[in-house]
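Welcome, and thanks for taking a look at this one. Please open the sequence alongside the coordinates, and let's walk through the fold together.

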Amino acid sequence: MADGAVQIDPEAKARAWSIPLDQIDVADPTLFLNDSHWPYFERLRREDPVHFAVNEEHGPYWSITKYKDIMDIDTNHQVFSSEGGITIGDAPAEFRMPMFIAMDPPKHDAQRKVVSPIVSPHNLAQMEGLIRSRAAKILDELPIGETFDWVDRVSIELTTQMLATLFDFPFEERRKLTYWSDIATAPPGTEKCPTIEFKHEKLRECLEYFMRLWNERVNAEPGNDLISMLAHGDATRNMEPMEYLGNIVLLIVGGNDTTRNSISGSLVALNQNPDQYQKLRDHPELIPSMVSETIRWQTPLAHMRRTALVDFEFRGKQIKAGDKVIMWYVSGNRDDEVIDNPNAYIIDRERPRQHLSFGFGIHRCVGNRLAEMQLRVIWEEILRRFPRIDVMGEPTRVYSSFVKGYEYLPVRIPA
């Protein structure tokens with residue numbers, strides 16, 4: 001795979017441009033599993049940027065595919081509410097998990113404020129040394145000259161160790177966090193989540209575990225970890241159990257999935273673009289810019305959803321109250337009206353932080369600086385050790401139109 005970018009299957013491309021517009025359903029997870037979604041989004045941006053579709057599983061929805069339109073929706077919470085949920089799928093009524101990302105002001109603002117100190121500039125500065133020592137240990141234990149799975153050995157390990165620290169979670173049981181993150185985001189009917197009942201059972205186990213931690217922390221002095229912050233925060237100390245679970249799942253997925261898939265994505269992108277990999281080796285000072293470009297190029301969460309509160313005309317289309325409106329960040333990040341040469345991976349872009357991957361407005365990702373720092377530190381440590389890490393085959397991608405990531409990435413560090 002090191003000989004240039006992955007080519008979109010010509011048949012998939014031809015199909016994307018030839019099927020009737022009203023039959024295009026970009027919420028089909030198969031498109032993401034096969035990495036064949038790109039031409040569909042390209043066509044929608046060009047021909048129907050506010051696109052109405054019906055998905056077999058999730059019903060009717062609007063696709064917003066252009067950068068500026070996504071920003072308009074993302075910043076207009078008076079019309080487009082987060083309360084209906086943030087993914088295209090609906091949670092069953094008996095298993096609703098309220099979470100602050102799926103709330104509107106003022107409740108959203110109050111709950112977000114409780115956890116945001118954990119990623120304050122002061123706290124991040126204090127965490128950097130710990131992240132660096134862990135990254136160094138993970139990299140020093142990698143095998144040389146043999147193929148291994150980068151996702152499991154590096155991406156998951158680094159982010160899960162960080163998450164365990166943020167929660168002050170029992171360190172030796174940290175892989176439970178990875179497991180619950182995967183369960184929370186996996187569509188039912190997949191290997192990780194055979195049925196919706198299975199998902200609910202595992203998430204109840206997650207709640208039981210975190211209730212024990214809550215009960216320990218609520219009766220102790222306020223600490224500097226997320227559970228203690230929630231247990232002692234004015235806006236969160238009286239949460240119902242399902243709301244607590246919702247916020248825990250949000251923090252697990254937000255603190256784990258997105259960074260994990262950007263760490264894997266950086267290696268995929270650099271291997272597909274060997275000229276950029278060489279540029280990075282020659283100019284390690286470009287790491288922060290490469291990190292931002294990777295987060296744009298990867299877009300670890302493909303979409304966020306809003307629900308229209310009122311009938312609203314948007315770009316000439318009549319959106320009705322109650323309609324699902326899907327902001328496709330993955331498409332906005334490839335909009336050539338805003339981003340120059342958007343399909344290219346360019347680690348020294350003029351404005352690399354101009355992207356939608358962290359969202360926009362009040363819901364902008366609370367941990368974005370922590371994510372960037374983890375990526376920066378791991379690459380600083382990689383370049384100190386390894387002139388090259390080679391991707392040895394096609395990655396296995398996640399079957400999801402929400403989490404845009406990797407299950408498996410075979411790599412080898414040359415001897």
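In this predicted model, 5 strands make up an open sheet with mixed pairing, in the order 1-2-8-5-3. Strand 1 (50-55) and strand 3 (80-81) sit at the edges, each pairing on one side only. From there, the notes below move on to the cores, the cysteines and a loop threonine.

**The sheet and its helix**

- Strand 5 (residues 303-308) and strand 8 (residues 324-328) are antiparallel partners, joined over 5 bridges.
- Within this part of the sheet, His303 has Trp328 of strand 8 standing opposite.
- Helix 4 (residues 67-74) lies across strand 1, strand 2 (59-64), strand 3, strand 5 and strand 8. Relative to strand 8, helix 4 runs at about 130°.

**The nonpolar cores**

- As background, nonpolar side chains tend to be buried together in soluble globular proteins.
- The largest nonpolar core here has 107 residues, and the members that touch the most others are Trp150, Phe167, Phe210 and Trp379.
- Helix 11 (residues 241-272) is the top contributor to this core, giving 13 residues.
- If you would like a good place to start looking, which residues are in contact with Phe210, leaving aside its neighbours within four places in sequence? They are Phe167, Phe169, Leu177, Trp180, Ile227, Tyr244, Ile248 and Ile252.
- A second core, separate from that one, holds 18 residues, including Ile24, Ala27, Tyr40 and Ala53.

**The cysteines**

- How many disulfides does the structure hold? The count is 0.
- Cys206 cannot form one because the closest cysteine sulfur, in Cys193, is 14 Å from its own sulfur, too far for a bond.
- For Cys365, the closest cysteine sulfur is in Cys206, at 19 Å, so this pair is also too far for a bond.
- The surroundings of these two cysteines are worth a glance as well: Cys206 is buried, at 0% relative accessible area, while Cys365 counts as partly exposed at 27% relative accessibility.

**A threonine in a loop**

- Thr190 belongs to the loop between helix 8 (175-185) and helix 9 (196-218).
- Is Thr190 buried or exposed? With a relative accessible area of 16%, Thr190 falls under the 20% cut-off and so counts as buried.
- A polar atom of the Thr190 side chain lies 2.6 Å from the backbone oxygen of Pro187.

Key:
Residues are numbered from 1 along each chain as its sequence is written. This is a predicted model: local features need pLDDT of at least 70, side-chain atom pairs count only at pLDDT 80 or more; totals for chains, interfaces and linings use all residues. Side-chain values use heavy atoms; hydrogens and water are left out. A nonpolar core is a set of buried Ala, Val, Leu, Ile, Met, Phe, Trp, Tyr and Cys residues joined through side-chain atoms within 4.5 Å. Buried means under 20% relative accessible area, exposed over 50%, partly exposed in between (1.4 Å probe, protein chains only). Helices (H or I, at least four residues) and strands (E, at least two) are DSSP runs, numbered from the N terminus. Contact means heavy atoms within 4.5 Å. A disulfide is a pair of cysteine sulfur atoms within 2.5 Å. A polar contact is a pair of N or O atoms within 3.5 Å; within protein, one must be able to donate a hydrogen and the other to accept it, and residues adjacent in sequence count only if both atoms are side-chain atoms. Two strands pair if DSSP finds at least two bridges between them. Axes are lines fitted to C-alpha atoms, for helices over the stretch in contact, and angles run from 0 to 180 degrees between N-to-C directions.
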